[in-house]
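Visitor: I'd like to learn how to read a protein model one feature at a time. Could you walk me through this one?

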Amino acid sequence: MTYCLCFLALICSPTSNTTIDQFAAIEGLPDPFLFNDGHRVASSDDWKARRAEIIELISRYEYGHVPPTPGNVAVDAPLESGTRFANASTFQSLRLKFGPDQSLSTTVHLYLPKNAPRPLTVILRFGLGGEHAQAANERGYAFVCFDQTSLDPDTEGHDEVGPAQAAYPDHDWASVAVWAWCASRVLDYMETLTDIDTAKSVITGHSRTGKAAILAGALDERFALVVPNGSGCGGASTFRNPPKGVETLELITRATRFKSWFHTDFGKFGDAEERLPFDQHFMRALVAPRPLLSTDAYGDQWCNPPGTQAAWQGAQPVYDFLGVSANNMIHFREGGHDQLAPDFEVLLKVADHFLKGAALETDYQHAPFPRVPAPFSWKAP
Ligand code: GTR
């Protein structure tokens, strides 16, 4: 136990000059209920304290630390307004400004159904493409998408200090964290609109922005439903014991690939995932007790489907402990890497249930690989 306490003190010191050898290997998924000092969560207040420790762990080693809410989001310029979907929806494009001296900006597209009762439940999605806007509007949801890359460009094989990192030079945040923070700034703006009910907001994204969606949902408790799609490595699937053919921590953090998405220390855990003091089930646990639905595809091998099951299983004891077992959801469809209409339909069904009180026909709590055992033996306190 003494060794354990020293070790935990070491890993949690943000100033320590750690090397990989200083991290003890953890067999199976780490226990999210175990505090850094070795004692275990026993009450819901304890869980709040442990949750704060987990935020520090994933910020220190995986994504970097995000700055506080700037509290100064405003419209910089309206860009376009019109209608969409045979005049059934209004469309607005505008630029928001925020951050130090309001020097940061991002473009936001708002699609609002004309005939749905106000205030509207809102679905936020990363990227300006507008995919799924019509489906959302037809079901009475506002759909808002935004350009997260205006705060940090999406680069491969090299890093660029993006505008957000330049504006906050004391922060060690990497791209995924910048993008997640961007979603929260768009939500700040939504809070100023009488047409929108931000107490009922959904955050979703696909692939790299699925990683940003789960991080946004983990850090910002205003997101009422969190739906990472095809997020895989660094998103909703675990790193430990990667099966053949999946994207591993070592692969994703290569300098020739996406090192710049993650904290500069994260690549040290490449081919040594077992030494990570957490795994991605901690991300799902951070969202609890709020509902979380991961949507994925069996054919999307690169995204590590069994690892997504493992993360879902590893978060379930936390949802159970908080008395909301049904809020931890997983869905797999046949096919490949995409956020398709059927994926979005599952999101809408789950949103209808959790945010609008509709009945849920399916519980989305079935293991996609029922014969694969859960890779841990600890239980909820
Ligand atoms: C891939 C990367 C994945 C995923 C994907 C995407 O190249 O390996 O982690 O993020 O890009 O965003 O499309």
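Guide: Happy to. Take strand β3 (residues 104-113) and strand β5 (residues 142-146): they run antiparallel and are joined by four bridges. Keep in mind that this is a predicted model.

Visitor: What holds strands like that side by side, in general?

Guide: Strands of a sheet pair through backbone hydrogen bonds, and the pairing can be parallel or antiparallel. For a concrete spot in this structure, look at H109, which stands opposite C145 in β5.

Visitor: How many strands form the sheet, and in what order?

Guide: Nine strands make an open sheet, ordered β1-β2-β3-β5-β4-β6-β7-β8-β9, and the pairing is mixed.

Visitor: Which strands stand at the edges?

Guide: Those are β1 (74-84) and β9 (328-333). Each has a single partner strand, so one side of each is left without a neighbour in the sheet. As for twist, neighbouring strands are turned by 20 degrees against each other on average, direction ignored.

Visitor: Which strands does helix α6 lie across?

Guide: Helix α6 (residues 208-219) lies across β4 (120-126), β6 (196-206), β7 (225-229) and β8 (292-297). Against β6, the helix runs at about 145 degrees.

Visitor: Let's turn to the ligand. Which residues are around it?

Guide: A residue gets on the list if one of its heavy atoms lies within 4 Å of the ligand. Here that gives S207, R208, K211, E247, I252, R257, F258, W261, W302 and H337. By character, the shell divides into four nonpolar, two polar and four charged residues.

Visitor: Which side chains have polar atoms facing ligand oxygens, and at what distances?

Guide: The cut-off for a polar contact is 3.5 Å between N or O atoms. R208 has a polar side-chain atom 2.5 Å from a ligand oxygen. For K211, an N or O atom of the side chain is 2.9 Å from an oxygen atom of the ligand, and the side chain of R257 likewise has an N or O atom 2.9 Å from a ligand oxygen. On its own the ligand has 310 Å² of accessible area, and the protein covers 79% of that.

Visitor: And the backbone? Where are the cis peptide bonds you'd point out?

Guide: Check omega. One cis bond joins R118 and P119, with omega about -10 degrees, and P119 is in the loop between β3 and β4. Another runs from A288 to P289, with omega near 5 degrees; P289 is in the loop between α8 (281-287) and β8.

Visitor: What about phi at A86?

Guide: A86 has a positive phi of about 55 degrees, although it is not a glycine. You'll find A86 in the loop between β1 and β2 (89-98).

Note on methods. Residues are numbered from 1 along each chain as its sequence is written. This is a predicted model: local features need pLDDT of at least 70, side-chain atom pairs count only at pLDDT 80 or more; totals for chains, interfaces and linings use all residues. Side-chain values use heavy atoms; hydrogens and water are left out. A polar contact is a pair of N or O atoms within 3.5 Å; within protein, one must be able to donate a hydrogen and the other to accept it, and residues adjacent in sequence count only if both atoms are side-chain atoms. Accessible areas come from the Shrake-Rupley method with a 1.4 Å probe; for residues, only the protein chains shown count as cover. Ala, Val, Leu, Ile, Met, Phe, Trp, Tyr, Cys and Pro count as nonpolar, Asp, Glu, Lys and Arg as charged, and the others, Gly among them, as polar. Two strands pair if DSSP finds at least two bridges between them. Helices (H or I, at least four residues) and strands (E, at least two) are DSSP runs, numbered from the N terminus. Axes are lines fitted to C-alpha atoms, for helices over the stretch in contact, and angles run from 0 to 180 degrees between N-to-C directions. Contact means heavy atoms within 4.5 Å.
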